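Hi,

Here is the structure I said I'd pass on. Have a look at it first, and then read my notes underneath.

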Amino acid sequence: MTQDDIELVEAARGAALAAYAPYSKFPVGAALRFADGSVVTGANVENASFGLALCAETVAVGKAMAEGHRGGLLAVAVTGPGPEPITPCGRCRQVLNELAALGGTDPDVLCVGPSEVRTVKLSALLPAAFGPASLD
Ligand code: THU
C-alpha cells in the first residue's frame, strides 16, 4: 500500500469511532481521498426507525458533495468491526458511483479488516453502472 492508502485506512478507522450504531452495534467508517489531496470521512448513523440508517460511505459522499466536491474521487476506504474486510453495500456502491462518474474516475475501494486490506475497483463492485450519463 502507498502512504496515501495507509493514511486513508487510518482515517476510516478513526471515523468509525464516531459511528452512531446503537441498534446494530456494527460501527462502520469510511474515508474518501480526492485528487486535490483532501480526505472526507463518514460513519454510519442509525435511527430508532431502523430502516432509516445511513451508511458510512453515503454519509461521506454527502459530506463531500456538500463541501463542493464534484469529482476527483481517487480512493475509498471502508472499515467494519468484524474479523473480515467489508465491502460497500449495494446502495453505497451506487452513491459512490455518482461522485466518481462526475469526475470520470474509477476509484480504488480499500476494504479494511483488522489485519488485511483488500483493494478492488469500484467498477468491479458495480459493473454496468447506471449513472449521470445514462440520463443523456
Ligand atoms: N453499513 C455501512 O455503514 N456501510 C455498508 O456498506 C454496509 C452497512 C452500516 C449500516 C448499519 O448501520 C450497519 O452497518 C449494519 O448493517
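Below is what turned up, by topic.

One thing up front: this is a predicted model, so please read everything here in that light.

Cysteines first. Going by sulfur distances, the disulfide count comes to zero. Cys55 is in no disulfide, and the nearest cysteine sulfur to it belongs to Cys92, 3.8 Å away. Why is Cys89 not bonded to Cys92? The closest cysteine sulfur to that of Cys89 is the one in Cys92, and at 3.7 Å it is too far for a bond, because a disulfide needs the two sulfur atoms within 2.5 Å. As for exposure, Cys55 is partly exposed, with a relative accessible area of 29%, and Cys89 also counts as partly exposed, at 33%.

Next, the surface. Tyr20, Tyr23, Val45, Phe50 and Leu54 make a nonpolar patch of about 500 Å². If you want one residue to start from, take Val45: you'll find it in the loop between strand S2 (39-43) and helix H2 (56-66). Val45 has a relative accessible area of 36%, so it is partly exposed, since that class runs between 20% and 50%.

Last, the strands. S4 (residues 108-112) and S5 (residues 117-121) pair in the antiparallel sense, with five bridges between them. The link from S4 to S5 is a hairpin of four residues. Which residue of S5 does Leu110 stand opposite? That would be Thr119.

Shout if anything is unclear.

Cheers

Terms used. Residues are numbered from 1 along each chain as its sequence is written. This is a predicted model: local features need pLDDT of at least 70, side-chain atom pairs count only at pLDDT 80 or more; totals for chains, interfaces and linings use all residues. Side-chain values use heavy atoms; hydrogens and water are left out. Patches are made of residues with over 30% relative accessible area and no salt bridge: like charges are joined within 9 Å, nonpolar side chains (Val, Leu, Ile, Met, Phe, Trp, Tyr) within 5 Å. Accessible areas come from the Shrake-Rupley method with a 1.4 Å probe; for residues, only the protein chains shown count as cover. A salt bridge is a side-chain nitrogen of Lys or Arg within 4 Å of a carboxyl oxygen of Asp or Glu. Helices (H or I, at least four residues) and strands (E, at least two) are DSSP runs, numbered from the N terminus. Buried means under 20% relative accessible area, exposed over 50%, partly exposed in between (1.4 Å probe, protein chains only). Two strands pair if DSSP finds at least two bridges between them.
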